[in-house]
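User: Please take a close look at one part of this model, the place where the two domains meet. I would like one connected account of it.

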Amino acid sequence: MSSEADPRVLVVDDDPALAEVVARYLRREGFEVDYAADGATGLARALSTLPDLVVLDLMMPGMDGFEVCRRLRRATAIPVVMLTARGEENDRIAGLDLGADDYVTKPFSPRELAARVRAVLRRASPETAPAAVLAGGGVEIDTVAHQVRRKGEPLGLTTKEYDLLVCFLSNPGRAFRREELLETVWGWSIGDTSTVTVHVRRLREKIEDDASAPRHLATVRGVGYRWEP
């Protein structure tokens, strides 16, 4: 991140009126804000300026938010907060599956968006991670350097995937309810637990030899998930 005092946020949205409201509020909250009016411009600007976070509208003409998120994830781990239409659960799940860190449904209050942005940035900051090396199941996390290796090879994780893995490896053998993970990792006391399901599935694809038959990130029937070293 650029600094704790002036985090840089890129807003990518084809609605200039909405983007202006969002940008004005975020600036008032102490963020430095840049704006792109379409997906292609937003992707290029994100890759060239490397902001601390991207606020990304999913439904845009041309290159939509899904494609922007997909391409962004191939190259960077910049946190992404999606803007989605109310009730579009499939869109939210698809966006999370592509690597987005959080979502806000329209219509939303700028205050809520700012709170989500702050929470994602806080969790993405290496300074908030415990100073330790966590290991298990062939996975090693250096929480000081914010680096993950699997069988000695670097492993690219999104912010939420990293936070989930730290949570599990910090508590081997403990069964977590999905609601508990939602509160611990996302900071939500209420919310859609499918968010957790999507991230666990994606994490398994990266850390398990066979994601369809996981050895380490196990499902506890009727409860949630447990890390088996």
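Analyst: What follows describes the interface between the two domains. The model is a predicted one. Its chain is divided into domain 1, residues 8-124, and domain 2, residues 133-227. Taken over C-alpha atoms, the centres of these two domains are 24 Å apart. Domain 1 brings 18 residues to the contact, and domain 2 brings 17 residues. Between them the domains bury about 1,400 Å², and carbon and sulfur atoms account for 45% of that area.

Next come the polar and charged pairings. One salt bridge is counted between domain 1 and domain 2. Arg 201 and Asp 97 form a salt bridge, with 3.1 Å between their closest N and O atoms; a nitrogen-oxygen distance within 4 Å is what the salt-bridge rule asks for, so this pair qualifies. Across the interface, six residue pairs are found in polar contact, counting pairs in which both residues have pLDDT 80 or more.

On the domain 1 side, the elements that give two or more residues to the surface touching domain 2 are α4 (89-98), β5 (102-106) and α5 (110-124). Of the elements on this side, α4 gives the most, with six residues. Sorted by class, the side of domain 1 that touches domain 2 has nine nonpolar residues, eight charged residues and one polar residue.

Definitions and conventions
Residues numbered from 1 in each chain as written. Predicted model: local features only at pLDDT ≥ 70, side-chain atom pairs only at ≥ 80, totals over all residues. Heavy atoms only, no water. Domains from an automatic or database assignment. Contact = heavy atoms within 4.5 Å. Buried area = accessible area lost by both parts, 1.4 Å probe. Salt bridge = Lys/Arg side-chain N within 4 Å of Asp/Glu carboxyl O. Polar contact = N/O pair within 3.5 Å; in protein donor to acceptor, adjacent residues only side chain to side chain. Helix = DSSP H or I, 4+ residues; strand = E, 2+ residues; numbered from the N terminus. Nonpolar A, V, L, I, M, F, W, Y, C, P; charged D, E, K, R; others polar.
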